[in-house]
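Below is a note on one model, set out as numbered points. Please read it with the structure open.

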Amino acid sequence: MAFDIVIVGGGLSGLALAAELAQAEFSKLRVLVLEQRKSYVRDRTWSYWKTPHNAAHRYSHLERQQWSQWCVRQGVSTHQQASPTVTKDGEDGKATCYCTLDGDAFYSAAQSAIAKSGHVELRLGTSVRQIVGGDTPSVETSEGEVIQAAWVFDARPPIQTNENRLVQQFLGREITTNSDVFDPTMVELMHFQPSTAGLHFFYVLPYSPRNALIETTWISPASVKPDFDTELQQFIASFVGSAAYEVVYEEKGSLNLSLSHTTPNHALHVARLGRGAGTLRASTGYAFLETLAHSAQIAMSLKSHAGTGDLKNWIPAAFKRHAIDEWMDTVFLTVLERDWSRSSWYFMQLFERLDAETMVAFLSGKASWRQRLLVTRALPTLPFSAQALSLLFKRASKLSGVSH
Ligand SMILES: Cc1cc2nc3c(=O)[nH]c(=O)nc-3n(C[C@H](O)[C@H](O)[C@H](O)COP(=O)(O)OP(=O)(O)OC[C@H]3O[C@@H](n4cnc5c(N)ncnc54)[C@H](O)[C@@H]3O)c2cc1C
């Protein structure tokens, strides 16, 4: 059976695009989502920076919590920041905040938009074996069914096995305690534990005085295999002190941060979505808002074609990040990798020297030129400028090599 659009992988990016296409204006299209999992449960907690400059997203009403204060810690040092209220455009009270949204809330909302549409189908428990590009691309399921489409979106995460690749690995547990332990007004973004093997920190999202998500996170080469369970148990024990606690939810992940992760579309009429399209920011591991924005851009670019029934000449919007931000991330991560023992100190310097507005703009990928300059100036000149020059030199040699 032929479809207009087949989306392979119904995680964040696949469901987000399917929910965009479930809108009535696309009702002439036949859309199919193939997802290998059999059902959706809460398997991740999406956190992100919301600023007055971010586009509003369609799942904002599902946010579980917002915070307007955050801190970073190392040993006895703490740098605390509070949300800057932006009034430039006269929108008083639209302040920056750190927000969180539970995975199951997103999955349910997207599934219900799909179910109501009548023209988008979500098939769970279906694993795709291969995608073949061409004038009429097709996907083959592991049961051997071949499905054709005008366009296929590949939302499967890219697989890389190189042990030197940079990864962000983490284990998080949401706990409830029998007495007040947490300050629900303050997110502990990074509580650093300096190490020579990678950048290691704990993260505390306090939902209430007796309820928080606590994570242990490592940014390191994939060959580093931390004992997540023990370190998280010890941190929680020291944090809650004499209070008794119960684990109510657990999540874990390993995200590939390797810098050349933005891969081109791999075949004719096959476009990448999600992490494979480069939505994951290398220096932070964040992808949520970028993924939603990319889905909305694709839907927007489809609007003019949806009525014609001919999608062959349509080119879906590709995910794009500003080249200067990609380059700054490359420089930043390469310097961290050179000497992991100093990596937490660089972050502490940034939080100490930059105001909250600049820091959030940098972390959320929305920094202006002026703010990018402030970030550069807040970092130690020698290692960062040496690395920046070395990367420029490498790129220039590569380009001149190509032209000969
Ligand atoms: C535990 C966790 C916490 C995270 N927290 C944050 C956060 O706080 N903030 C943030 O911005 N980002 C976060 N991220 C990063 C990023 O936002 C998520 O990884 C996000 O889910 C990426 O979306 P995606 O669509 O690329 O991949 P996924 O959501 O992983 O979707 C890929 C889908 O493809 C399916 N699939 C794979 N292979 C096949 C196949 N052969 N056939 C059919 N289906 C297939 C998978 O089952 C999956 O559903 C987190 C990631 C994890 C793992």
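**Notes on the model**

1. Thirty residues surround the ligand, and Gly 9, Gly 11, Ser 13, Gly 253 and Gly 274 come nearest of the 30. A residue is near a molecule or strand if its C-beta atom, placed from the backbone, lies within 6 Å of it. This is a predicted model, in which local features need pLDDT of at least 70 and side-chain atom pairs count only at pLDDT 80 or more, while totals for chains, interfaces and linings use all residues. Residues are numbered from 1 along each chain as its sequence is written.

2. Which elements supply at least two residues each to the shell around the ligand? They are α1 (12-21), β3 (45-50), β16 (245-256) and α4 (288-306). Helices (H or I, at least four residues) and strands (E, at least two) are DSSP runs, numbered from the N terminus. β3 gives the most, with four residues.

3. By class, the shell has 12 nonpolar, 12 polar and six charged residues. Ala, Val, Leu, Ile, Met, Phe, Trp, Tyr, Cys and Pro count as nonpolar, Asp, Glu, Lys and Arg as charged, and the others, Gly among them, as polar.

4. The shell around the ligand lies between domain 1 (2-44 + 102-158 + 260-306) and domain 2 (166-256), because both give residues to it. The domain bounds come from an automatic or database domain assignment.

5. Seven strands make an open sheet of mixed pairing, in the order β6-β5-β13-β14-β15-β12-β16. β6 (77-82) and β16 are at the edges with a single partner strand each, so one side of each has no neighbour in the sheet. On average, neighbouring strands of this sheet are turned by 15° against each other, direction ignored. The axes are lines fitted to C-alpha atoms, for helices over the stretch in contact, and angles run from 0 to 180 degrees between N-to-C directions.

6. Within that sheet, β12 (residues 166-177) pairs with β16 in the antiparallel sense over 11 bridges. Two strands pair if DSSP finds at least two bridges between them. Gln 168 is placed opposite Leu 255 in β16.

7. Are the residues of β2 (residues 31-34) buried or exposed? Val 31 and Val 33 on one side, and Leu 32 and Leu 34 on the other, are all buried, and both faces of the strand are covered. Buried means that 20 or more other C-beta atoms lie within 10 Å of the residue's own, exposed means 12 or fewer, and partly exposed is in between, with C-beta atoms placed from the backbone. In a regular strand the side chains alternate between the two faces of the sheet.

8. β2 runs parallel to β1 (residues 2-8), and four bridges join them. Val 6 stands opposite Leu 32 in β2. The β-α-β crossover from β1 through α1 to β2 is right-handed, meaning that, with the strands pointing away from the viewer, the path from the first strand over the helix to the second runs clockwise. β2 also pairs with β8 (residues 120-123) in the parallel sense over four bridges, where Val 120 is the bridge partner of Val 31.

9. A three-stranded open sheet has the order β3-β7-β4, with antiparallel pairing. β3 and β4 (65-67) are at the edges with a single partner strand each, so one side of each is left without a neighbour in the sheet. The twist averages 20° from one strand to the next. Three bridges join β4 to β7 (residues 97-102), and Thr 100 in β7 is the bridge partner of Gln 65.

10. Ser 77 is in strand β6. Ser 77 counts as exposed because it has 12 C-beta neighbours inside 10 Å. The C-alpha atoms of Ser 77 and Met 348 are separated by 8.7 Å, although the residues are 271 apart along the chain.
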